[in-house]
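Trainee: Could you go through this one with me? I'd like to talk about charged side chains and what they pair with.

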Amino acid sequence: MRFIIVPGWRDSGPGHWQSLWAERLPGAVRVKQDDWITPTRQAWVHSIARTIEEQGEPVIVIAHSLGCIATTHLPASAVRCIQGALLVAPADPERRAVLSDFAPVPFQKLPYRSVLVASSNDPYCPIRLAGAYARAWGSEFVRMQDAGHINVESGHGEWPLGAALLQSLAGEPTLVPMASSVASGASFQSSTSLRSFQTA
């Protein structure tokens, strides 16, 4: 199985969990964009779709921030290749002019299993909007408390919780060669359409 790593606006630098996973996760392929600073939807979506379609086998998408939104804009030719997606800290493209080309965000159910992870204090997307994304996309919803943008700045390097979620999504524990224990004190809550995972 291939894992397609889709960074967000300004890319994911050294020490970011996406960068660490790209080096340590067998079958990982990282999407490259020509312009990380002033993104356009057409160019970004084309790069992601091409990367997915080149694999020739089912893939799991691992997206962060604007990468999550770009993933929801993918054409059917790429979507049919996706087995699942881990969507972390999705952005709100309407909050920043430089990201506005990605609006409006699609609010249709994704035709593959997805897990959406969001933080209660993400500066790029209110938690209520992230929850609305999850409901619209049919995603399992993981709500983290005070985790910022779930990146290096908020203290998320290897991010064991994320590795555990990816392991659950992939269904094969050997695919994630890193710590996969979830934070202690976590509790599960369920609703009719979402699973909410809250960490202290």
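Trainee: Is Arg 30 buried, partly exposed or exposed?
Mentor: In this predicted model, Arg 30 has a relative accessible area of 26%, so Arg 30 is partly exposed.

Trainee: And which residue does Arg 30 form a salt bridge with?
Mentor: The partner is Asp 11, and the closest N and O atoms of the two are 2.8 Å apart. Asp 11 sits in the loop between β1 and α1 while Arg 30 belongs to strand β2, so the pair ties together parts that are 19 residues apart in sequence. Asp 11 is itself partly exposed, at 28% relative accessibility.

Trainee: How many salt bridges turn up in the whole structure?
Mentor: A search of the whole structure finds five.

Trainee: What about Arg 24, which residue does that one pair with?
Mentor: Arg 24 forms a salt bridge with Glu 158, with the closest N and O atoms 1.9 Å apart. Because Glu 158 lies in the loop between β6 and α6 and Arg 24 lies in helix α1, this pair ties together parts that are 134 residues apart in sequence.

Trainee: Switching to Glu 140, buried or exposed?
Mentor: Glu 140 has a relative accessible area of 17%, and buried means under 20%, so Glu 140 counts as buried. Its salt-bridge partner is Arg 113, the closest N and O atoms being 2.6 Å apart, and Arg 113 is partly exposed at 33%.

Trainee: Where do those two lie?
Mentor: Glu 140 is in strand β6 and Arg 113 in strand β5, so the salt bridge ties together parts that are 27 residues apart in sequence.

Note on methods
Residues are numbered from 1 along each chain as its sequence is written. This is a predicted model: local features need pLDDT of at least 70, side-chain atom pairs count only at pLDDT 80 or more; totals for chains, interfaces and linings use all residues. Side-chain values use heavy atoms; hydrogens and water are left out. A salt bridge is a side-chain nitrogen of Lys or Arg within 4 Å of a carboxyl oxygen of Asp or Glu. Helices (H or I, at least four residues) and strands (E, at least two) are DSSP runs, numbered from the N terminus. Buried means under 20% relative accessible area, exposed over 50%, partly exposed in between (1.4 Å probe, protein chains only).
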